[in-house]
Amino acid sequence: MGKLFLVHPGGAKVYCCKSCSTPIATKGDLTTNGKTNWGLVFDKLYNVTELHVPKRVDAAEDLVRYVTCKKCQALMGWRYEFCVAEEDRYKEGRFLLLYKELTTEKRSHSLEEPTPEDDDLGQSYYQVSY
């Protein structure tokens, strides 16, 4: 096995893997209508691996590829390949990360000032000082 290289996307708010704290996405990668019942919908992710075999999920029969953390291989969510319902077509090609697999990191040295309203996961965070 080779050496594992991870990317840190930067920004004031970073979503991380709950298991190993690897940075996965930023608030800027969140789509405009990015909240669902199960998780958050993102345009772009970092430090993840997509599984090759598409699977069908839920009663809608949507076609997805599962997404795992690059460091600890924890299941983070999925990428929508095809959505049956017309109102869900905006999700195609985007990633859904499950609430239960995410934690947030707020960085105090960023140019963008974090606010208490930025809490998308309904949990507390910690400050990282540099």
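**Exercise 1. Find where W38 sits in the fold, and work out whether W38 is buried or exposed.**

Step 1. Start with the strands: W38 falls in the loop between β3 (30–35) and β4. Strands here are DSSP runs (E, at least two residues), helices are DSSP runs too (H or I, at least four residues), and both are numbered from the N terminus.

Step 2. A quick word on the ground rules. This is a predicted model, where local features need pLDDT of at least 70, side-chain atom pairs count only at pLDDT 80 or more, and totals for chains, interfaces and linings use all residues. Residues are numbered from 1 along each chain as its sequence is written, and side-chain values use heavy atoms, with hydrogens and water left out.

Step 3. Now the accessibility. Buried means under 20% relative accessible area, exposed over 50%, and partly exposed in between (1.4 Å probe, protein chains only). W38 has 43% relative accessibility, so W38 is partly exposed.

Step 4. Look across the chain as well: the C-alpha atoms of W38 and L98 are 5.7 Å apart, although 60 residues separate the two along the chain.

**Exercise 2. Describe the aromatic pair of W38 and W78, then follow the rings onward from W78.**

Step 1. Get the rule straight. Rings of Phe, Tyr and Trp (its six-membered ring) pair if their centres lie within 6.5 Å; planes under 30 degrees apart are stacked, over 60 edge-to-face, and the rest tilted. The whole structure has four aromatic pairs.

Step 2. Apply the rule to W38 and W78: the ring centres are 5.8 Å apart and the planes stand at 75°, so this pair is edge-to-face. W38 is in the loop between β3 and β4 while W78 is in strand β8, so the pair ties together parts that are 40 residues apart in sequence.

Step 3. Move on from W78. Its pairing with Y80 is edge-to-face too, with 6.4 Å centre to centre and 80° between the planes.

Step 4. Check the cover. W78 counts as buried because its relative accessible area is 8%, and Y80 is buried at 2%.

Step 5. Put the rings together: one aromatic cluster takes in W38, Y66, W78 and Y80.

**Exercise 3. Which residues have the most contacts inside the largest nonpolar core, and which strands supply it?**

Step 1. A nonpolar core is a set of buried Ala, Val, Leu, Ile, Met, Phe, Trp, Tyr and Cys residues joined through side-chain atoms within 4.5 Å. The largest one has 15 residues, and Y15, F42, L45, M76 and L97 have the most contacts inside it.

Step 2. Trace the suppliers: β1 (13–17), β2 (23–26), β4, β7 (62–69) and β9 each give this core at least two residues.

Step 3. Zoom in on L45. Leaving aside residues up to four places away in sequence, L45 touches I24, A25, V67, F95 and L97, where a contact means heavy atoms within 4.5 Å.

Step 4. Don't stop there, as a second, separate core has seven residues, among them V41, W78, C83 and L98.

**Exercise 4. How many salt bridges are there, and what does the one between D43 and R94 link?**

Step 1. The test is a side-chain nitrogen of Lys or Arg within 4 Å of a carboxyl oxygen of Asp or Glu. By this rule you get seven salt bridges.

Step 2. Take D43 and R94, whose side chains meet in a salt bridge at 2.4 Å, N to O. The pair links distant parts of the chain, 51 residues apart: D43 is in the loop between β4 (39–42) and β5 (48–50), and R94 in the loop between β8 and β9.

Step 3. Both ends are partly exposed, D43 at 40% relative accessibility and R94 at 26%.

Step 4. Next comes R79 with E81, where the closest N and O atoms are 2.8 Å apart. R79 is partly exposed at 22%, and so is E81 at 30%.

Step 5. Then there's R89 with E92, whose closest N and O atoms are 3.4 Å apart. Salt bridges with shared partners also join E50, R65, R79 and E81 into one network.

**Exercise 5. Sum up the protein: how many strands, and how much is buried?**

Step 1. The count is zero helices and 11 strands.

Step 2. Of the 130 residues, 41% are buried.
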